[in-house]
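Reader: I am a first-year student, and I would like a close look at one part of this model. Please take me through the space inside it and what surrounds that space.

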Amino acid sequence: MKTPTVLPGRYTVLKRVLLGLMLVVSGNACKDSVLDEVPLAFLNPDVVLVNKSGFDTYIASIHAVLRSAYFENDDYGYGANVWDFQVGTDVGMTGDPGINTYVDYRTWVTPSASQVNHHWEWAYLKVIPRANTLIEYAEKPAAVWKDEAEKNAAVGEARFLRAYAYNILANLYGGVPIVDKVASSPKLDFVRATREEVLAFVAKDLEFASQWLPKSTTQDGRVVKAAADHLLAEVYNNQKQYDKAIASASAVIQDAQYQLMTTRFGKYTAQPGDVFSDLFKDNNQNRTTSGNKETIWALQFEFQTPGGLPKSGGGNGTLRAWGPRYFAIKDPDGKTAMTVADSLGRPVGWYRPTSYFNHLIWTDPNDIRNSRFNIRRDFYYNDRSSKYFGQRVNPKTAKDLDTMYWYYPYIRKIEGEPLAGATYGRTFKEFYLMRLAETYLLRAEAYLMKGDLQKAADDINVVRSRAKAKPVAATEVTLDYLLDERARELMLEELRRLTLNRMGKLVERVRRYNPRSGSTIQDYHAFFPIPQKFIDANLAAKVDQNQGY
């Protein structure tokens, strides 16, 4: 899990022996410093982590692996990326009949499963070692800083990113090992901390980050104080420290830099739409380019820019995974009368929302989050050679219509400009990790758990007011209602599995709302198992597996 210092290989040892013999002949054998290896021709921490520019470069690498964790594997359609947090929950299930993601929890979620290993290794092999390295090198004498504040801002961003990874681990696996230093040799005796200890570690990192991160930045994608406070609100909720959660969320909500967007904005205002749809239009996610004051933190995608995309996958694959395979729809005569359209992209229907999301939660006809600008429920034959061209697809008359794979409500926040062509299936649109609407819902959660239902309702109603939805009464506010509201507002943005896990609601709500997974999920699936290959490799200490696996 840690990144140990690489021990000399055979070639290096042989080279040193030969060099030593040469020095004996030349009379310089007593000068041990001659044997020191100082790499100058390639990037390594000793060369890079010496000034602010180097530390910024290193931080960028952590952001890059964060993005890759979510989108690098989108060619496979089998989880092990951001969709792993939504498929098999109350809001999402498989569409493609050839994909069995979470169809049977008992066979899908095992200690050797790819997604179980993926999230663990992303955290322990990529994010945490990089963050620990930066934190350690920031204190070395070779590091040149303008002042203490500059150093602590860099350390604060690294500690935020480390905390972000550990928060995911704590809510996905429960208790995990805490690794806060760079290893100088192989380590085989890791022990699991309790989930409570991990959350305390996360909170400490975030408190430091909140103190030292800048309040604002001109670099889109960089984290600022509000991101630390937003995540602190969630962590404090998990720790049942509700007053602290309220204070942290309030620090963001009361910051004049942040506000819910309530009027249309961005470069698409001349097109039909509403303010909620504007949030998800291309180029409208970043504060510096669109005037969007709701964004706290968004993953960045840059088309045709070195380092601007994940190493594989090639972009934001949400459209590809979650849109229906509409171009396979047939007309009443049994002929395909749909063609791939730039306006719809080329989704492949791997996953789809459950009926819970598609129908049950939309009880208010005025809620703009369910408007035609935000959920496409009607499709039209678009093949100009068809006699049905322009007619609405009627599920009762369309031939052999697959309503699980080809035809289902299409969440339009996944759409993007046809930058790479209609057959590409991906977009290059930034992806929200945090926006202010969720901050209100985190504070509502804290008020709810404290028993202050009126203040919880007040915060929920700020979000519902923007959506033109009817206010909720204080007597109606429950944890399930809050989860419904999070689904309406944050579908495909929040890491739903983690939200349900930390609230103790995953198993209950999967059984209630997911027709494909509900009959197989067991109580022990509330958390992932610990990867078996980590348990097997940790030879010097016993690691207990999560109960049930």
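Author: What follows starts with the whole chain, then turns to the spaces and the elements around them.

This is a predicted model, so a local feature needs pLDDT of at least 70, a side-chain atom pair counts only at pLDDT 80 or more, and totals for chains, interfaces and linings use all residues. Numbering runs from 1 along each chain as its sequence is written, and side-chain values use heavy atoms, with hydrogens and water left out.

The chain first. It has 19 helices and six strands. Both are DSSP runs numbered from the N terminus: helices are H or I with at least four residues, strands are E with at least two. Of the 549 residues, 57% are buried. Buried means under 20% relative accessible area, exposed means over 50%, and partly exposed is in between, with a 1.4 Å probe and protein chains only. The chain exposes about 23,500 Å², and carbon and sulfur atoms supply 53% of that. Such areas come from the Shrake-Rupley method with a 1.4 Å probe; for residues, only the protein chains shown count as cover. A contact means heavy atoms within 4.5 Å. Among contacts with a separation of 6 or more, 71% join residues 24 or more positions apart.

Now the enclosed spaces. The search uses a 1 Å grid over the protein atoms alone. A cavity is a set of points where a 1.4 Å probe fits but cannot get out. A pocket is an open set with protein on both sides within 12 Å along at least five of seven lines. Lining residues have an atom within 4 Å of a point. Points are joined across faces, edges and corners, and a volume is the space filled by probe spheres set on the points.

How many cavities of 30 Å³ or more are there? The count is six. The largest has a volume of about 300 Å³. It is lined by 19 residues, and Tyr-164, Glu-234, Leu-433, Glu-438 and Leu-495 are the closest to its centre. Five elements give two or more residues each to this lining: helix H6 (148–173), helix H8 (225–238), strand E6 (431–435), helix H16 (479–490) and helix H17 (496–503). E6 supplies the largest share, four residues. By class, the lining of the largest cavity has nine nonpolar, three polar and seven charged residues. Here Ala, Val, Leu, Ile, Met, Phe, Trp, Tyr, Cys and Pro count as nonpolar, Asp, Glu, Lys and Arg as charged, and the others, Gly among them, as polar.

Look closer at two of those helices. In H8, 13 of the 14 residues are buried, so the helix is largely enclosed by the rest of the structure. Its length can be checked too. The expected span is 1.5 Å times one less than the number of residues. For H8 that gives 20 Å, and its end C-alpha atoms are 20 Å apart, so the two agree. After H8 comes Lys-240, with a positive phi near 65 degrees.

H16 is mostly covered, with eleven of its twelve residues buried. Among them are Leu-479, Tyr-481, Asp-484, Arg-486 and Leu-490. H16 should span 16 Å, and its end C-alpha atoms are 16 Å apart, which agrees. Just after H16, Leu-492 takes a positive phi of about 70 degrees. On the other side, Lys-468 lies in the loop between helix H15 (453–466) and H16. Lys-468 is not a glycine, yet its phi is positive, about 60 degrees.

One residue of helix H7 (residues 195–212) is Leu-199. At 2% relative accessibility, Leu-199 counts as buried. Leaving out residues up to four places away in sequence, it touches Asn-167, Ala-170, Val-235, Asn-238 and Gln-239.

The second largest cavity has a volume of about 150 Å³. Its lining holds 15 residues, and Phe-280, Asn-316, Lys-413, Lys-429 and Phe-431 lie nearest its centre. Helix H12 (318–322) and E6 each give two or more residues to this lining. Its classes are seven nonpolar, four polar and four charged.

Last, the open space. The largest pocket holds about 760 Å³. Of its 31 lining residues, Lys-281, Ser-343, Arg-376, Arg-412 and Glu-415 are the closest to its centre. The lining of the largest pocket has eleven nonpolar, eight polar and twelve charged residues.
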